[in-house]
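Please work through the exercises below with the sequence and the model open beside you, and try each task before reading its solution.

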Amino acid sequence: MNMVRLLLLGVFLLATPSWASGEDDPQFKNIRNTSKLDLIEVRTWVDRGGMENVLVEAESRSRFDKKVRYRVSWYSANGEPFKTIMSRWQNRTLPPKGSLEISSVAPHARAVAYKVEIEDL
Amino acid sequence: MSLRKLAIFSSVLLLVACGGTTPVRVDTGNDTAGTVMGLDYRDFEDAAANMVASMLSSGAVSKPDGGRYVLAISRVTNDTMQRLDTDQLVKKMRVELLRSGKVVVTTAVSGNGAEDAMSYQARELRGNDEFDQDRVAGKGQMVAPDYSLSGKIIQRNNRIDSRNTQVDYYFQMTLTDIDTGLAYWEDEVPIIKRGSSKTVTW
């Protein structure tokens, strides 16, 4: 896996936990982007069930098919991670200039922060 | 060659012949191996995760007062050509729903009778002098389910050409309000695979 480059979107604050830090723009906190992916949008909302949701849109800059994997992890206000199969890695092959849409629902009403990770494969 | 040397040589040869690939334990949280045409644990995880996410965001399992709904597991049918235990799907969903804090599952009632018969067997201790009757479960203590979860796993094989086949798997689940018989949530997760016809399970 020596070709792996990491794009870490980092922790986005839904309830401003004390352990998080980052720049002023809450949309793109703690981003480390070394991949050929452009981050288009990060959107959050509370659904009908009262659960936090996140939607991340990214776009490939590559002229070739691009294989990536991603996962979304959720945390409580004090930084405790929620163990859930909804946080498993998922693979996706993006066509040239193709877009990637990642959506995730919080596994618990106490889940107030999340981390999105996207890796090149 | 002496008989003893021949015996040792034969033993070594036998050991070498029996040795296959060294087993490796799969890191299920970071498994990048290719898929198989049948259903494997990743497919069940995907299906369960998608179903639970859909159920949670639908609001069907969110009680207005913040309490928990009681869920009974009804029948989940395996309509595939493989021998599956549908608990591979249902158990994962149950664990996730329990962890969500919105649902608790009853094991006293299910589509196949009580999942844990002990709830009833322990009640047979009523009136038995050998047991402290204050600690025997009283009448009217069990909680009836609000919802029932049922479903089906379907497989359809479609030949693409002489060598390749597409296998469609559909995971279908329904959440029924037991009071009214109305389905308050339903979803379907398709998992589609293409590969050599030789590896397809018929």
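**Exercise 1: One residue and the core**

In this predicted model, B:Val52 touches A:Met86, B:Met93, B:Glu96 and B:Leu97, once residues up to four places away in sequence are left out.

Task: Find which residues touch the most other members of the largest nonpolar core, and which helix gives the most to this core.

Solution: Begin with the core itself, which holds 48 residues, and look for the members that touch the most others: these are B:Ala48, B:Met51, B:Val52 and B:Leu89. Next, turn to the helices, where helix 2 of chain B gives the most to this core, with nine residues.

**Exercise 2: The contact between the chains**

Task: Work out how many residues each chain brings to the contact, and describe the side of chain B that touches chain A by class.

Solution: First take the two chains in turn, with 18 residues coming from chain B and 15 residues from chain A. On the side of chain B that touches chain A, helix 2 (41-58) and helix 3 (87-100) of chain B each supply at least two residues, and helix 2 of chain B gives the most, with eight residues. Sorted by class, that side of chain B has six nonpolar, eight polar and four charged residues.

**Exercise 3: A sheet in chain A**

Task: Determine the strand order of the open sheet of three strands in chain A, and identify its edge strands.

Solution: The order is 3-4-7, with antiparallel pairing, and the edge strands, each pairing on one side only, are strand 3 (37-46) and strand 7 (99-105) of chain A. From one strand to the next, the twist averages 15°. Strand 3 of chain A is joined to strand 4 (residues 52-60) of chain A by nine bridges, and A:Asp38 stands opposite A:Glu59 in strand 4 of chain A.

Notes
Residues are numbered from 1 along each chain as its sequence is written. Chains are lettered from A and ligands numbered from 1 in the order in which they are written. This is a predicted model: local features need pLDDT of at least 70, side-chain atom pairs count only at pLDDT 80 or more; totals for chains, interfaces and linings use all residues. Two residues are in contact if their C-beta atoms, placed from the backbone, lie within 7 Å. Helices (H or I, at least four residues) and strands (E, at least two) are DSSP runs, numbered from the N terminus. Ala, Val, Leu, Ile, Met, Phe, Trp, Tyr, Cys and Pro count as nonpolar, Asp, Glu, Lys and Arg as charged, and the others, Gly among them, as polar. Two strands pair if DSSP finds at least two bridges between them. Axes are lines fitted to C-alpha atoms, for helices over the stretch in contact, and angles run from 0 to 180 degrees between N-to-C directions. A nonpolar core is a set of buried Ala, Val, Leu, Ile, Met, Phe, Trp, Tyr and Cys residues joined through C-beta atoms within 7 Å. A residue is buried if 20 or more other C-beta atoms lie within 10 Å of its own, exposed if 12 or fewer, and partly exposed in between; C-beta atoms are placed from the backbone.
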